[in-house]
Amino acid sequence: MSVRVQEADFDLGAEIAALRAGRPNIGAVASFIGTVRDINDGTGVSEMELEHYPGMTEKALADIVSAAMQRWELIDALVIHRVGKLKPQDQIVLVAVASKHRGESFAACEFIMDYLKSEAPFWKKEQTPEGARWVDARVTDDKALARWGIATTNAAASAANQPGASAQPNDYE
């Protein structure tokens, strides 16, 4: 298991090759790459800045991967999450999961991403034409995690902390 938080970009091919190197028992690798979009909630985004707490973030990511390794028969997993200032189309996150069979890899990769989106301690700030804004948790992220049997209320808590907020579920999907 490998977890990295870094400012530098990553090379998908090189990362997958390293994950598979010397492991003829790997029969499947599922991966996910998240990228910066140029529009969020109908507003243009020129830059996203990701912040984290060093040490705490890596531990949280390792805990997420450990939870996946307990649920499925995995050979290995890799999570790379970038921090700092990113532009639209820049890569943000890589999750790669190796197992003997595709079912475990697909499920574990999706689980790790769902968990990461809801529970990993990252803070995102977007630059828009109206100025900077923090990106709130979304109800859809909570729902994605709930299907794995994990309850969270990040979106509800985030909505409740907004000045003048009267959160409706569709506000965060």
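Two strands count as paired here if DSSP finds at least two bridges between them. With that in mind, a good place to start in this predicted model is the pair β6 and β8, where Ala 77 has Val 97 in β8 as its bridge partner. Seven bridges join β6 to β8, and the two strands run antiparallel.

That pair sits inside an open sheet of four strands, which reads β1-β6-β8-β2 in order and has mixed pairing. On the outside come β1 and β2 (28-35), the edge strands, each of them pairing on one side only. Neighbouring strands in this sheet are turned by 5° against each other on average, if direction is ignored. Helix α2 packs on the sheet, where it touches β1 and β6, and the direction of α2 makes about 150° with that of β6.

Now for the helix itself. Helix α2 takes in residues 56-71, and its 16 residues should span 22 Å at 1.5 Å a residue; the C-alpha atoms at its ends are 23 Å apart, which agrees. Which residues of α2 are buried? They are Thr 57, Ala 60, Leu 61, Ile 64, Val 65, Ala 67 and Ala 68. Looking down the axis of α2, these buried residues fall within an arc of 150°, so they line one face of the helix. Over on the other side of α2, Lys 59 and Gln 70 are exposed. As for what covers the buried residues, the list includes β1 (2-6), β5 (47-52), β6 (74-82), α3 (102-119) and β9 (122-128). Two of the names there, β1 and β6, are also the strands that α2 touches when it packs on the sheet.

Another helix, α1 (residues 12-20), holds Glu 15. Is Glu 15 buried or exposed? With a relative accessible area of 15%, Glu 15 is buried, because the cut-off for that label is under 20%. Leaving out residues up to four places away in sequence, Glu 15 touches Arg 4, Phe 10, Leu 78, Ile 80 and Leu 94.

A second open sheet, also of four strands, has the order β7-β5-β9-β10, and here the pairing is antiparallel. Its edge strands are β7 and β10 (131-134), and each pairs on one side only. Neighbouring strands of this sheet are turned by 25° against each other on average, again with direction ignored. In general, the strands of a sheet pair through backbone hydrogen bonds, either parallel or antiparallel.

Strand β5 can be followed through its partners on both sides. With β9, it pairs in the antiparallel sense over six bridges. Leu 50 stands opposite Lys 124 in β9, and Glu 47 stands opposite Gln 127 in β9. With β7, strand β5 pairs in the antiparallel sense over three bridges, and there Glu 49 stands opposite Lys 85 in β7.

Glu 47 turns up again in the surroundings of Lys 87. Where does Lys 87 lie? Its place is the loop between β7 (84-86) and β8 (91-99). Lys 87 has 44% relative accessibility and so counts as partly exposed. Apart from neighbours within four places in sequence, Lys 87 is in contact with Val 36, Ser 46 and Glu 47. The contact with Glu 47 includes a polar one: the side chains of Lys 87 and Glu 47 make a polar contact at 3.2 Å. Val 36 is 51 residues away from Lys 87 along the chain, yet their C-alpha atoms are separated by 6.5 Å.

The loop between β7 and β8 also holds Gln 89. At 71% relative accessibility, Gln 89 counts as exposed. Its backbone deserves a look too, as the phi of Gln 89 is near 80°, a positive value in a residue other than glycine. Most residues other than glycine have a negative phi.

Asp 41 is another case of this kind, with a phi near 55°, again positive in a residue other than glycine. What is the place of Asp 41? Asp 41 is in the loop between β3 (39-40) and β4 (43-44). At 53% relative accessibility, Asp 41 counts as exposed, since the label applies over 50%.

Methods:
Residues numbered from 1 in each chain as written. Predicted model: local features only at pLDDT ≥ 70, side-chain atom pairs only at ≥ 80, totals over all residues. Heavy atoms only, no water. Buried < 20%, exposed > 50% of the residue type's maximum accessible area, 1.4 Å probe, protein only. Contact = heavy atoms within 4.5 Å. Polar contact = N/O pair within 3.5 Å; in protein donor to acceptor, adjacent residues only side chain to side chain. Expected span 1.5 Å × (residues − 1). Arc of directions from axis to C-beta. Axes fitted to C-alpha atoms, helices over the stretch in contact; angles between N-to-C directions.
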